[in-house]
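Hi everyone, thanks for making time this morning. Let me put the structure up, and then we'll walk through it together.

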Amino acid sequence: MTDPMLPPMLPLAGLSPVDGKAVVAKFDGGLLSSDGGVLALREAEQRLGVADRLAACLVDLRAPDQITHSLSDIIRFRLLMIAAGYEDGNDASRLRDDPLFKMAMNLTPSDRQLCSQSTISRLENLPDARALLRMGRAMVDLYCASFRQVPKRITLDIDDTFDAVHGGQQLRLFNAHYDDYGFQPMVVFDGAGRFVAAMLRPARRPSGKEARAFLRRLLRAIRANWPRTEILLRADSHYCSPEVFDWCRANGLDYVLGLAPNATLRRHTETLEASATARFEAAPRDGKVRRFKEFFDAAASWSRVERVIARVEAGEEGPDTRFIVTNLARRSARFLYEEVYCRRGQAENHIKSFKTHLAADRTSCTRASANQLRLFLHAGAYWLMWGLRESMPKRSMWRFAQFDTLRLRFVKIAARVVEMKTMIRVHLPTSCPGQEVLRFALSQMPRLVT
């Protein structure tokens, strides 16, 4: 029955006939959803408890008798939206009536509407600096809780990524390298792709003191959970500074950091570059020649000499030399460069999942505190997608699939919802190609560690 209060539903124009028959398409299907897999994300969120962890860090200033949507419900709805590909808060205006999103929020399809975009916007502007620090700590606690047992050793990959902005946001800064205004937040993942931390900051290279302060807070939160776990820090040359060296040594952290080349370092590799080039020119069909050398050196600002490893590669374009610095005494130069440092490149894929697939660069709020909260919300959505991927069969391609691929195959599923007195039926397409994998993933959700 058509609601007389609603405007008439016009058919889609421009559809060609099929076998001589006219095609009439209208958005009047009723209790239908294009996000049937949101129910799987709901199971991951319930196991990880992301929304409750973040909501516990906030102080709700609203009158208790006037509250319809709790802070946990608002955050949970926003996390599900982002994970399902709705990074714009304005989409809540339509999705608040979606039957699958209601069910994911533990409501029946005929129950009240979910929160609106304006409610989400008020949430984003709610936290102060203290609340954001608590939320950062909560994200680290979530990371630590994702392990079945305390690990003996973890690897942390820290990096920064440019985030262009197009307004007068607080902390925005012009970056000459990118020729644009923006932020350059620090993000941390572990070697297995788990999200650890994120901090909004201006678009400039982090100084040694800034990196040290960030690492100090991060280590304090990790040590509160794991006092004796060994930690290896990996990063590019942005974080190669005497402040980071000295702090890591004083706190028992191992490190492998990229080192920007200079004339002093090049003098150590001149002979090796010449011999590698000659060897390549003698047999160019054998491919590039890669050689390694290690030595101890120190810049004027360093407090002591450090172990430096040089990788020299000679090819058609001439020699290419890269340097890393480490306090690891064991293992060969080749192993430390190829098997330890180069694996840091996987962190770029994690940043891609965070920024591109989950739109973590939607930092368009005026206040820096609101944009920092957005980073945490998108990080929470990252955890939901990580939980979905972690539940996939271990030896299948889905265990390593990108988040946008997982979303397309297992979240964006058409569903028809029928609400009865004693049950709610969700009818999914019979031809859905990923149904067996999704069935397996749901059976594994209870095993997600929290």
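Before we look at who stands opposite whom, one term: two strands count as paired if DSSP finds at least two bridges between them. Please also keep in mind that this is a predicted model.

With that in hand, let's begin at the small strands. Arg-416 stands opposite His-427 in S14. The strands here are S13 and S14, residues 424-427, running antiparallel and joined by four bridges. Together S13 and S14 make a hairpin, with four residues between them. S13, which covers residues 415-419, has another partner too: strand S1, residues 32-33, pairs with S13 in the antiparallel sense over two bridges. In that pairing, Ser-33 has Ala-415 as its bridge partner.

Now to the open sheet. In what order do its eight strands run? Reading across, the order is S7-S6-S2-S8-S9-S12-S11-S10, and the pairing is mixed. At the edges we find S7 and strand S10, 289-297, each of which pairs on one side only. From one strand to the next, the twist averages 20°.

Within that sheet, have a look at S11, residues 306-315, and S12, residues 318-326: these strands run antiparallel, with nine bridges joining them. One of the partnerships is Ala-310 with Phe-323 in S12.

Which strands does H8 touch as it packs on the sheet? They are S2 (153-160), S6 (186-190), S7 and S8 (230-235), and the direction of H8 makes about 145° with that of S7. H13 packs on the sheet as well, touching S6 and S7, and its direction makes about 165° with that of S7.

Those helices turn up again in my last topic, the second largest pocket. It holds about 540 Å³ of space. The elements giving two or more residues to its lining are helix H7 (129-145), strand S7 (195-199), helix H8 (208-225) and helix H13 (368-390). Which of them gives the most? That is H7, with six residues.

In total, 21 residues line this pocket, and those nearest its centre are Leu-132, Leu-133, Gly-136, Met-199 and Arg-217. For anyone already thinking about chemistry, the lining divides into 15 nonpolar residues, three polar and three charged.

So that's the tour: a hairpin of S13 and S14, an open sheet of eight strands, and a pocket to whose lining S7, H8 and H13 each give two or more residues. Thanks for listening, and I'm happy to rotate the view for anyone who wants another look.

Technical notes
Residues are numbered from 1 along each chain as its sequence is written. This is a predicted model: local features need pLDDT of at least 70, side-chain atom pairs count only at pLDDT 80 or more; totals for chains, interfaces and linings use all residues. Side-chain values use heavy atoms; hydrogens and water are left out. On a 1 Å grid over the protein atoms alone, a cavity is a set of points where a 1.4 Å probe fits but cannot get out, and a pocket is an open set with protein on both sides within 12 Å along at least five of seven lines; lining residues have an atom within 4 Å of a point. Grid points are joined across faces, edges and corners, and a volume is the space filled by probe spheres set on the points. Ala, Val, Leu, Ile, Met, Phe, Trp, Tyr, Cys and Pro count as nonpolar, Asp, Glu, Lys and Arg as charged, and the others, Gly among them, as polar. Axes are lines fitted to C-alpha atoms, for helices over the stretch in contact, and angles run from 0 to 180 degrees between N-to-C directions. Contact means heavy atoms within 4.5 Å.
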